[in-house]
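I opened my notebook to log a few look-ups. Each entry records what I asked and what I found.

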Amino acid sequence: MVARNMNATEELAILEAAKRDPARFAPLYEHYFNDLFRFVHRRAQDRELSSDITQQAFLKAMLALPRYEPRGLPVRAWLFRIALNELRMHWRKRKEVLIDMSYREVKGLAMEVGSPDKEDELHRLARAMDRLDEQKARLIQLRYMDGLNYAEVGHVLGIGEDAAKMRTHRVLAVLRTYLSPGV
Amino acid sequence: MKYRYRISPEGRADEPTDAEIGKYRDAERLRYNYHKASELLHRRPLYKDPKAFIALVVIVLLALFIAEVLDKETPGSTPQQDERIAP
């Protein structure tokens, strides 16, 4: 339930108020819960686990509030970053994570790498994505599966917008190489 | 850790709706967990509390004193043991 978009000024005002009184964090929790739950669920693919990790991410955000410094970026990206760290903590002993994606989610990526929108080609794209290391895979997920803009991708990964853009283009080039005939 | 992908027309089988996600939203639980966590975070360590620190020092000194007294009250126990061990 996302009632309406919250602008950066409103978010900042809530964060400042929440620093003094944690109970004032509630509007952000209500506003971003669904977004964060879906972000986690796309990766965890389990509702109970997604709920636990989402709650834990909000708790960590509240505890980190005194150290939060606004840099003009949306709170959503900050929350995604915390949630991603929680997921990594949860998966620290796993060697492999399987992610289900729909045709709709990979459509943008398929267009970028010049892969035709056909079932066989999309499966080839999935196999090419399997070959990416964790960092490269995370970039692609944030940009194409979560639909974040480059500024948000950068904020989630702790890099600048330009760096996020440049690295994404490099990963796309790697994917094109993997998809080229004979590789 | 490696990611593996499975691409299908529908994607994740059990994509939750807004109403279903709403069931997991629990601001009260978050507030309770926050108070519990912040209590733990801001709890003063025992050694930084002057009263607890003095109490700890007194307990350690008492233990040392009792050990000394007991050691003096039972003289010769160690030499006897030594004699038994010696060939």
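My entries on this structure follow.

**Entry 1: the model.** I note that this is a predicted model.

**Entry 2: a helix of chain A.** I started with H2 of chain A, which runs over residues 26-44. I found a bend of about 50 degrees in H2(A), placed at A:Tyr32. I then listed the buried residues of H2(A), and A:Tyr32 is one of them. Others on that list include A:Leu28, A:Phe33, A:Leu36, A:Phe37 and A:Val40. The list also holds A:His31, A:His41 and A:Arg43.

What covers these buried residues? I found that the cover includes parts of both chains. From chain A, I noted helix H1 (8-20), helix H3 (47-64), helix H4 (75-90) and strand S1 (96-102). From chain B, I noted helix H1 (18-22) and helix H2 (27-42).

**Entry 3: just past H2(A).** I looked next at A:Gln45, which sits in the loop between H2 and H3 of chain A. Its phi is near 55 degrees, a positive value in a residue other than glycine. Why is A:Gln45 partly exposed? I counted 18 other C-beta atoms within 10 Å of A:Gln45. A residue needs 20 or more to be buried and 12 or fewer to be exposed, so A:Gln45 falls in between.

**Entry 4: the loop before H2(A).** I went to A:Arg24, in the loop between H1 and H2 of chain A. A:Arg24 is partly exposed because 15 other C-beta atoms lie within 10 Å. Which residues does A:Arg24 touch, leaving out those up to four places away in sequence? I found A:Ile14, A:Ala17 and A:Ala18. I also checked A:Arg24 against A:Gly108, 84 residues apart along the chain. Their C-alpha atoms are separated by 38 Å.

**Entry 5: where the chains meet.** How many residues of chain A are in contact with chain B? I found 39, in contact with 27 residues of chain B. On the chain A side, H2, H3, S1, helix H5 (103-112), helix H6 (119-130) and helix H7 (134-145) each supply at least two residues. By class, I logged 23 nonpolar, seven polar and nine charged residues on that side.

**Entry 6: strands across the chains.** I checked how S1(A) pairs with strand S1 (residues 2-8) of chain B. The sense is parallel, and the pairing runs over seven bridges. I looked up one residue here, A:Asp100, and found B:Arg6 in S1(B) as its bridge partner.

Methods: Residues numbered from 1 in each chain as written. Chains lettered and ligands numbered in written order. Predicted model: local features only at pLDDT ≥ 70, side-chain atom pairs only at ≥ 80, totals over all residues. Bend = angle between axes of the 7 residues up to and from the residue. Helix = DSSP H or I, 4+ residues; strand = E, 2+ residues; numbered from the N terminus. Contact = placed C-beta atoms within 7 Å. Nonpolar A, V, L, I, M, F, W, Y, C, P; charged D, E, K, R; others polar. Pairing = 2+ DSSP bridges.
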